[in-house]
Every structure is written in structure tokens, then in C-alpha cells.
Amino acid sequence: MLTNSRRTFIGALVGSATLAGCGVFDSEPEPPPAPDAFQPLLDEALALAASYDRVIVAQPALAARLTPLAEDHRAHAADLARLIGAAAGSAAPSVSAPSGGADTTATLRKAEQAAQKTAVAACKAAPADRAMLAGSIAACRATHAEALR
Amino acid sequence: MTEQLAAALAAEEAALYAYGVIGVHLTAADEVSRARAADLEHRARRDDLVDRIDRLRASAAPAPAAYQLPFEVTDRDTALKLAVHVEDGVAQAWRALLPVTEGDERVDALSHLTDSAVRATRWRRIADVTPLTMAYPGRPG
């Protein structure tokens, strides 16, 4: 049976060991993984694809016209996810696409134009080896806005 | 970068030559005016490129090579097909400038890539060619 003083001593040992453990981690804090600079491009690609899907469900007559545009976004999402190392579709889109059941070709067009701006900024800031990917995505979003006219 | 600028110049020269041929085969007023606007835009870019290459003193601006059309243009359909073809080619040339430029120069190249991609989309719509868009404008192949 342990005496009170021994209990205290053991408790202190455990406590100091815990503190020491904490100290080790404190001195080398696990940095939260910084989001990739292209994460917004991926989020937007997924959100846009989903928006197109909603419009197609609501207005099946537009399917032939809109499906290829949605496929472009899915191609972007797959390539961006491969580049970033995220699983396509796993990231919750942080960018709100026009939602709330009011998606129309007009709101899609606005979303494309906003997403184009994101891609232009990403292209401008990107290292050389990523510039063509972001640039083509920006240009593609502009052609979508044109195709929706 | 000079190599990419020279390629962009060659693409713009090719576009100018092509639009000369295209204009002959279009009759609808809106199509003619679109072709004319495109011609002016490519001419302005060509002139800018000649200046830039000149400023770099890299080499004398290459004399425009005799441009060979990729296929025979005999009517409206083939004229519109050529318009799409040259805009795709110009888009490829400007895209190649993205990794060798920075800041405003890169934004400028992207703007030209985008203009050509959008123009190609318009020509496809006029020609009833689908799909109107591609996932990666300017990517060769």
C-alpha cells in the first residue's frame, strides 16, 4: 500500500513526464497543413459541377448543352485534386456556388465569371510549373460564360 | 522567352493570313464583322509582339513565313472551321508564354489566351460545332 507521500511522488513523476511530453510537442508544434494555393480552384470546380447538375435536373432540356460544361469542371477537379493530393470530391466546397434552388443559366454564368477571376489570380501568383494549368482553367471558365450567353 | 514570343508571333501572323481568306467566304453581316474585329485584334497583337521582340534585341523579327492553310477553304463551312483552327493555334502559342513570364506580363499572355479561346467558342457556335468548349484551352493535342 502506498503512502500519501509516495502517491504524491508518483503523481509528480507522472505529471512531470506528461509535461515533458507536452514540452517535446510544444517545441515542435505540428503545423496545421497550409491549404494549397490551388484549393480554391478545386473547390470552385466541384461547386460549379454540382450547380450544373442541379440545373440539368431541374431543366432536363438543357442537358445536352450543359453536360459538356459540367464535364470540363470535373476534369479540372480531378487534375487539381491529383496535383494538390486531395481526394476529388472529399473536400467540402468552401466557395458557395449559386445555390438555394435558384440555379439558372444566368447564375451559372455569374459563377463562371467569378471563378474565372479566381483562376486568373491563381495563375498570376503561381510558380512557373503551375501557370499553364491555372491559365487554361481560367480560359475555360471564360469560354463557359460565353457558351451560356 | 524569346522562343515563345517568336512562336506567338508566328501564330498571330498565321491568324492574320487566315482571316484574310476567311473574310472572302463569309457573307452574313455579323459573321463578317466578327471576322473583321478578330483581324484587327490579331493585327494589334502582332504589332505588339514585333515591338517586344525588337526591344529584347534577341533577333530580328522573323519574316513571316509563307503560311500554308491546313486545309482548303472553299466556302462558309471551311472558313468557319479555319477560324476555329487558327484561334486554337493562337491560344496554344500564348499559353506557352505563361510559364516563362511573371506578373503583368503573364496576365497579359493569359488575357490573349482567353480571348482566342472565347473567340474559338463563338466561331464553333456560329458553325454549329459541339462541344463549344474544351477543358484546357491552349493545350496542344
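Here are some short exercises, with worked solutions, on a predicted model.

**Exercise 1. Describe the overall build of chain B: how many helices and strands are there in chain B?**

Step 1. Begin with the elements: chain B has four helices and zero strands.

Step 2. Follow them along the sequence, and the pattern reads α-α-α-α.

Step 3. Now look at burial. Of the 141 residues in chain B, 45% are buried.

Step 4. Turn to the outside: chain B exposes about 7000 Å², and carbon and sulfur atoms supply 51% of that area.

Step 5. Finish with the contacts. Taking those in chain B between residues at least 6 apart in sequence, 76% join residues at least 24 apart.

**Exercise 2. Find B:Val100 and B:Thr101 in the structure, and decide for each: buried or exposed, or partly exposed?**

Step 1. Locate the loop. B:Val100 is found between helix H3 (76-95) and helix H4 (103-126) of chain B, and B:Thr101 lies in the loop between H3 and H4 too.

Step 2. Classify B:Val100. Its relative accessible area is 33%, so B:Val100 is partly exposed.

Step 3. Classify B:Thr101. Its relative accessible area is 2%, so B:Thr101 is buried.

Step 4. See what B:Val100 takes part in: together with B:Met1 and B:Leu56, B:Val100 forms a nonpolar patch on the surface, with about 210 Å² of accessible area in total.

**Exercise 3. Work out which backbone oxygens the side chain of B:Thr101 reaches.**

Step 1. Start with B:Leu97, whose backbone oxygen lies 2.7 Å from a polar atom of the B:Thr101 side chain.

Step 2. Add B:Leu98: the side chain of B:Thr101 reaches its backbone oxygen at 3.3 Å.

Step 3. Look further along the chain. With neighbours within four places in sequence left aside, B:Thr101 is in contact with B:Met1 and B:Arg106. You have met B:Met1 already, as a member of the nonpolar patch.

**Exercise 4. Say where B:Thr121 sits and what B:Thr121 touches.**

Step 1. Place the residue: B:Thr121 is in helix H4 of chain B.

Step 2. Check its burial. The relative accessibility is 1%, and buried means under 20%, so B:Thr121 counts as buried.

Step 3. List the partners, not counting residues up to four places away in sequence. In chain A, B:Thr121 touches A:Thr143, A:Glu146 and A:Ala147; in chain B, the partners are B:Leu132 and B:Thr133.

**Exercise 5. Find how many disulfides there are over all chains.**

Step 1. Apply the cut-off: a disulfide needs two cysteine sulfur atoms within 2.5 Å.

Step 2. Count the pairs, and the result is zero disulfides over all chains.

Step 3. Look at two cysteines of chain A. A:Cys123 is buried at 1% relative accessible area, and A:Cys140 is buried at 0%.

How values were computed: Residues numbered from 1 in each chain as written. Chains lettered and ligands numbered in written order. Predicted model: local features only at pLDDT ≥ 70, side-chain atom pairs only at ≥ 80, totals over all residues. Heavy atoms only, no water. Patch = residues over 30% accessible without salt bridge, like charges linked within 9 Å, V, L, I, M, F, W, Y side chains within 5 Å. Areas by Shrake-Rupley, 256 points an atom, 1.4 Å probe, with all protein chains shown as cover. Salt bridge = Lys/Arg side-chain N within 4 Å of Asp/Glu carboxyl O. Helix = DSSP H or I, 4+ residues; strand = E, 2+ residues; numbered from the N terminus. Buried < 20%, exposed > 50% of the residue type's maximum accessible area, 1.4 Å probe, protein only. Polar contact = N/O pair within 3.5 Å; in protein donor to acceptor, adjacent residues only side chain to side chain. Contact = heavy atoms within 4.5 Å.
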